[in-house]
Amino acid sequence: MYVQEVKTASLGDRPVPVVVEDPARLAAFEARVAADEFVEPKDWMPEAYRKTLIRQISQHAHSEIVGMLPEGNWIGRAPTLRRKAILLAKVQDEAGHGLYLYCAAETLGVSRDQMTQALLAGKAKYSTIFNYPTLTWADMGTIGWLVDGAAIMNQVPLQRTSYGPYARAMVRVCKEESFHQRQGYEAVMVLAAGTPEQKAMAQDALDRWWWPSLMMFGPPDDQSPNSAQSMRWRIKRDTNDELRQKFVDITVPQAEALGLKIPDPDLRWNEEKGGYDFGTPDWDEFFAVVSGEGPMAHERLTARREAWDNGAWVRDAAMAHADKRTARVAA
């Protein structure tokens, strides 16, 4: 019999629950995902599949919400009204992305409050890229170009992920992320074609964001414990290393067109594989940032906790209004 353990916190002397999956149902499920059929919320699914999706989708949603913080800090300091309007629209889009994704995760039986509390308690993760500081205006363009470019590389395959609500949410997210990447590249292009000081600012931002952007795809495949299972269940469509290679191959010519230099002495074209060879990111730094040691990790979580506490009255008012409406309809 197929047995799958779901590890939970120990409850006194009670044993850790063990989920025993029905072999026939499991076989039918595996056949469905292998045939590229969507799994819907009311369909039967293995408990491990459900938990994997909750972890991934909630992490994705948290990343969109936390990702508003480094950019929101620059809205009032944008150099022109046009740049301010673009950045404001982008931050609003990211709030919407977070809401789409929280809704998708809720179809799996987890509440938004549960996901938020896990984030605020430091139990849930978000993308490591948002634990780095944004030092200059050039960072806003570079985040759009590199960070949103990496996000698109990750997210386009998710439009074909096996879980229907997640896949459908990603259609709109990817369209808007594509806009973010283009506006970011255009902002860097203006700086790179400007004064020597502006071009130096653009190069400095590229130097600081290049390696964190490569880390966005996750650890190397041989150090990614969840990738093999997620690939089999069609939650993921490409491995971390495959996506990282695609990102490098697309981005290097873009940097060359800008007249900027990728900060990697090992970068070179490999004619045989039809792609670039490139250096190894600092994985010790990556795992340290994942563990909450990033330069802005404390500030990011503190900001989210303060926002949650300060918004309590809004949530209470909304719930009171909803209760009144429910009572009115019942009467």
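In this predicted model, helix α4 passes helix α7 in a left-handed crossing. The two helices, α4 spanning residues 81-106 and α7 spanning residues 164-192, pack at an angle of about 160 degrees, and their axes lie 10 Å apart. Angles over 145 degrees count as roughly antiparallel, and α4 and α7 are therefore roughly antiparallel to each other. Sorted by class, the residues of the contact between α4 and α7 are 12 nonpolar, 3 polar and 9 charged. Helix α4 also holds Gly-96, which counts as buried because its relative accessibility is 17%, below the 20% limit. Between Gly-96 and Gln-223 there are 32 Å in space from C-alpha to C-alpha, with a separation of 127 residues in sequence.

A second helix pair offers another geometry to look at. Helix α12 (residues 297-310) and helix α13 (residues 312-330) have axes that come within 4 Å and cross at roughly 40 degrees; α12 and α13 are therefore oblique to each other. On the α12 side the contact is made by Trp-308, Asp-309 and Asn-310, and on the α13 side by Ala-312, Trp-313 and Arg-315. By class, the contact of α12 with α13 comprises 3 nonpolar, 1 polar and 2 charged residues.

Turning to the interior, the largest nonpolar core has 47 residues. Those with the most contacts inside this core are Trp-145, Trp-209, Trp-210, Phe-247 and Leu-260. Two or more residues come from each of the elements α4, α6 (138-155), α7, α8 (196-215), α10 (240-258) and α11 (283-293). Helix α6 gives the largest share of the core, namely 8 residues. Such an arrangement fits a broader pattern: in soluble globular proteins, nonpolar side chains tend to be buried together.

Trp-145 is a helpful residue to follow through the structure. Not counting residues up to four places away in sequence, Trp-145 touches Gln-181, Gly-184, Tyr-185, Val-188 and Leu-206, and also Thr-251, Gln-254, Ala-255, Leu-258 and Leu-260. Apart from the largest core lies another core, of 26 residues, which includes Phe-29, Val-39, Ala-48 and Tyr-166.

Ser-213 is found in helix α8. With a relative accessible area of 0%, Ser-213 is buried. When neighbours within four places in sequence are left aside, the residues in contact with Ser-213 are Ile-129, Leu-146, Val-147, Ala-150 and Phe-247. Of these contacts, Phe-247 is also listed among the residues with the most contacts inside the largest nonpolar core.

The backbone has two loop positions that invite a closer look. Most residues other than glycine have a negative phi. Asp-36, although not a glycine, has a positive phi of about 65 degrees. Asp-36 sits in the loop between α1 (23-34) and α2 (47-66), and because its relative accessibility is 46%, Asp-36 counts as partly exposed. Arg-234 likewise has a positive phi, near 65 degrees, in a residue other than glycine. The loop between α9 (227-232) and α10 is the place of Arg-234, which at 24% relative accessibility counts as partly exposed.

How values were computed:
Residues are numbered from 1 along each chain as its sequence is written. This is a predicted model: local features need pLDDT of at least 70, side-chain atom pairs count only at pLDDT 80 or more; totals for chains, interfaces and linings use all residues. Side-chain values use heavy atoms; hydrogens and water are left out. Axes are lines fitted to C-alpha atoms, for helices over the stretch in contact, and angles run from 0 to 180 degrees between N-to-C directions. Angles under 35 degrees count as roughly parallel, over 145 as roughly antiparallel, 65 to 115 as roughly perpendicular and the rest as oblique. A crossing is left-handed if the near helix is turned anticlockwise from the far one by less than a right angle, and right-handed if clockwise. Ala, Val, Leu, Ile, Met, Phe, Trp, Tyr, Cys and Pro count as nonpolar, Asp, Glu, Lys and Arg as charged, and the others, Gly among them, as polar. A nonpolar core is a set of buried Ala, Val, Leu, Ile, Met, Phe, Trp, Tyr and Cys residues joined through side-chain atoms within 4.5 Å. Buried means under 20% relative accessible area, exposed over 50%, partly exposed in between (1.4 Å probe, protein chains only). Contact means heavy atoms within 4.5 Å.
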